[in-house]
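Me: Please take a close look at the salt bridges in this model. Which residues pair, and how buried or exposed are they?

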Amino acid sequence: MYTPTHFRIEDRAVLFDFMSTNNFGILVTIDHGAPIATHLPFLIEPDRGEHGTLIGHIARANSQWQSFLSQSEALVIFQGAHAYISPSWYQSHPSVPTWNYATVHAYGVPRVVADNQATYHLLNGLVNKHEAGFDRPWEMDLPDDYYQKQTNAIVVFEIELMRIEGKFKMSQNRSAEDRSGVIAALDQSGDANSIEVAHLIEQANQ
């Protein structure tokens with residue numbers, strides 16, 4: 001990923017917090033020389049392996065999992081808030097439009113995990129994470145035959161990470177006056193995604 005120095009994020013805690021918060025990622029692998037991708041939720045385990053581990057599951061009917069058998073490196077993309085930035089919000093002119101965004105790219109070799117305990121750990125972990133904010137969280141208490149039927153239809157895999165790249169492009173290359181104009185415009189947009197970018201600009205430039 002092209003990452004100029006002022007946009008680069010190397011703090012491990014920040015990277016893993018970002019991946020956990022934005023854990024619906026894009027898994028990209030190569031199959032017979034062509035890239036293929038699937039959008040998946042991941043369980044993030046920062047303390048497993050030297051650089052952390054991602055755990056996911058994919059439909060057995062989705063042939064992408066067969067590309068894991070090549071033992072080639074895969075890429076998982078985690079995307080955060082992003083927004084169009086108008087040059088009309090800057091004090092400095094002339095200027096051109098751009099796009100602010102936050103993303104993390106994680107790399108490693110996927111490995112199929114054919115283990116009932118690992119499958120339950122993944123599924124229950126995802127359920128607990130995403131149900132936690134609800135008033136009445138749903139619990140994964142399913143009839144055995146139904147659970148078995150559902151889990152037979154998926155392939156669980158893990159990726160022990162080899163490297164992680166973080167890029168938060170949040171107007172770090174603009175003046176304080178330009179950033180103030182961008183933050184004000186995004187805050188007034190009424191769009192939740194744009195407002196989140198405004199907050200990220202403030203944090204990235206503290």
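Reply: What follows describes the salt bridges and the residues that form them.

This is a predicted model, in which local features need pLDDT of at least 70, side-chain atom pairs count only at pLDDT 80 or more, and totals for chains, interfaces and linings use all residues. Residues are numbered from 1 along each chain as its sequence is written, and side-chain values use heavy atoms, with hydrogens and water left out.

A salt bridge here is a side-chain nitrogen of Lys or Arg within 4 Å of a carboxyl oxygen of Asp or Glu. The count by this rule is five.

E73 and R163 form one of them, with their closest N and O atoms 2.8 Å apart. This pair links distant parts of the chain, 90 residues apart: E73 lies in the loop between β5 (53–59) and β6 (74–85), and R163 in strand β8 (residues 154–169) (strands are DSSP runs of E, at least two residues, numbered from the N terminus). E73 is partly exposed at 34% relative accessible area, and R163 is partly exposed at 35% (buried means under 20%, exposed over 50%, partly exposed in between, with a 1.4 Å probe and protein chains only).

R174 pairs with D178, and the closest N and O atoms are again 2.8 Å apart. Here R174 is partly exposed at 22%, whereas D178 is buried at 1%.

E45 and R48 meet at 3.2 Å, N to O. E45 is buried at 16%, and R48 is partly exposed at 33%. Both belong to a network of salt bridges that also takes in R111 and E158.

Notes:
Helix = DSSP H or I, 4+ residues; strand = E, 2+ residues; numbered from the N terminus.
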